[in-house]
Amino acid sequence: MPSSLIEVRRRYSRPDEAAIIDAVHGALVAAFQIPVGDKHVRLLVHEPHRFSHAPHLEHPERYTLVTVDCFAGRSVDAKRALYREITGRLAAFGIPADHITILIRESALENWGVRGGQAACDVDLGFDVNV
C-alpha cells in the first residue's frame, strides 16, 4: 500500500490532475503489483517560486517530483519498471521524462500502522511485497 505524493510547479485542469493521479497509481499497480483498489496518491501544486528545479530544464514549469513511500522488499527490477511506467504515463501530459524525479522511500512493515492501527507485519496485506 504505497503512499505517493506528486508535486508539480504548475496548475493543470481538474480532469488532468485526476488523470495524473491515476497515471501514477496505474504505474504502481503495473510495476509493484499492488491491488487496483489500494490507491493512496496525492497531488500538490506549488507556486513556481516555492519549488526549485535544476537550471538546465527546458520547460521548468513542467518539473515533477514523485515520492513513493512503500514497504521494503521490492526488487531493483520492479523499481526500474516503476520509473519507466511513471515517466511513460506522465508523457501524456506533456511532462518530459528528464523533467521527472522519482524518489522511493522504503520502510519496514512494522513501521506502518494499517487497518485500525495494526502493524502491517501483523496483517495479511493481500499482495506480495517481494516483486
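The exercises below, each with a worked solution, concern the fold, ring contacts and charge pairs of one predicted protein model.

In this predicted model, local features need pLDDT of at least 70 and side-chain atom pairs count only at pLDDT 80 or more, whereas totals for chains, interfaces and linings use all residues. Residues are numbered from 1 along each chain as its sequence is written, and side-chain values use heavy atoms, with hydrogens and water left out.

**Exercise 1. Describe the fold and the overall dimensions of the protein.**

Solution. Begin with the secondary structure, where helices (H or I, at least four residues) and strands (E, at least two) are DSSP runs numbered from the N terminus. The protein has two helices and six strands, which follow one another along the sequence as β-α-β-β-α-β-β-β.

Next, take the dimensions: the C-alpha trace spans about 45 × 30 × 25 Å along its principal axes. The radius of gyration is taken over C-alpha atoms, and the globule rule is 2.2 Å times the number of residues to the power 0.38. For 131 residues a compact globule would have a value near 14 Å, and the 15 Å of the protein agrees with this.

Finally, consider the contacts (heavy atoms within 4.5 Å). Among those between residues at least 6 apart in sequence, 76% join residues at least 24 apart.

**Exercise 2. Classify the ring pair of phenylalanine 71 and tryptophan 112, and place both residues in the chain.**

Solution. Start from the rule: rings of Phe, Tyr and Trp (its six-membered ring) pair if their centres lie within 6.5 Å, with planes under 30 degrees apart counted as stacked, over 60 as edge-to-face and the rest as tilted. The count by this rule is two aromatic pairs. In the pair of phenylalanine 71 and tryptophan 112, the ring centres are 4.9 Å apart and the planes stand at 65°, so the pair is edge-to-face.

Then locate the partners: phenylalanine 71 belongs to strand S3 (residues 64-71), while tryptophan 112 is in the loop between strand S4 (100-107) and strand S5 (113-114), so that the pair links distant parts of the chain, 41 residues apart.

As a last step, check burial, where buried means under 20% relative accessible area, exposed over 50%, and partly exposed in between (1.4 Å probe, protein chains only). Both phenylalanine 71 and tryptophan 112 are buried, and 41% of the 131 residues of the protein count as buried.

**Exercise 3. Compare where the salt bridges of arginine 105, arginine 80 and arginine 89 are placed.**

Solution. Side chains of opposite charge can pair when their charged atoms come close. The criterion for a salt bridge is a side-chain nitrogen of Lys or Arg within 4 Å of a carboxyl oxygen of Asp or Glu, and the count comes to five.

Consider arginine 105, which meets aspartate 69 at 2.8 Å, N to O. Arginine 105 lies in strand S4 and aspartate 69 in strand S3, so this pair ties together parts that are 36 residues apart in sequence. Arginine 105, at 43% relative accessibility, counts as partly exposed.

Turn now to helix H2 (residues 76-90), where arginine 80 and aspartate 77 lie three residues apart, about one turn of the helix, and their closest N and O atoms are 3.2 Å apart. Arginine 80 is partly exposed at 44% relative accessibility, whereas aspartate 77 is exposed at 53%.

Helix H2 also holds arginine 89 and glutamate 85, four residues apart, again about one turn, with 2.8 Å between their closest N and O atoms. Both are partly exposed, arginine 89 at 32% relative accessibility and glutamate 85 at 27%.
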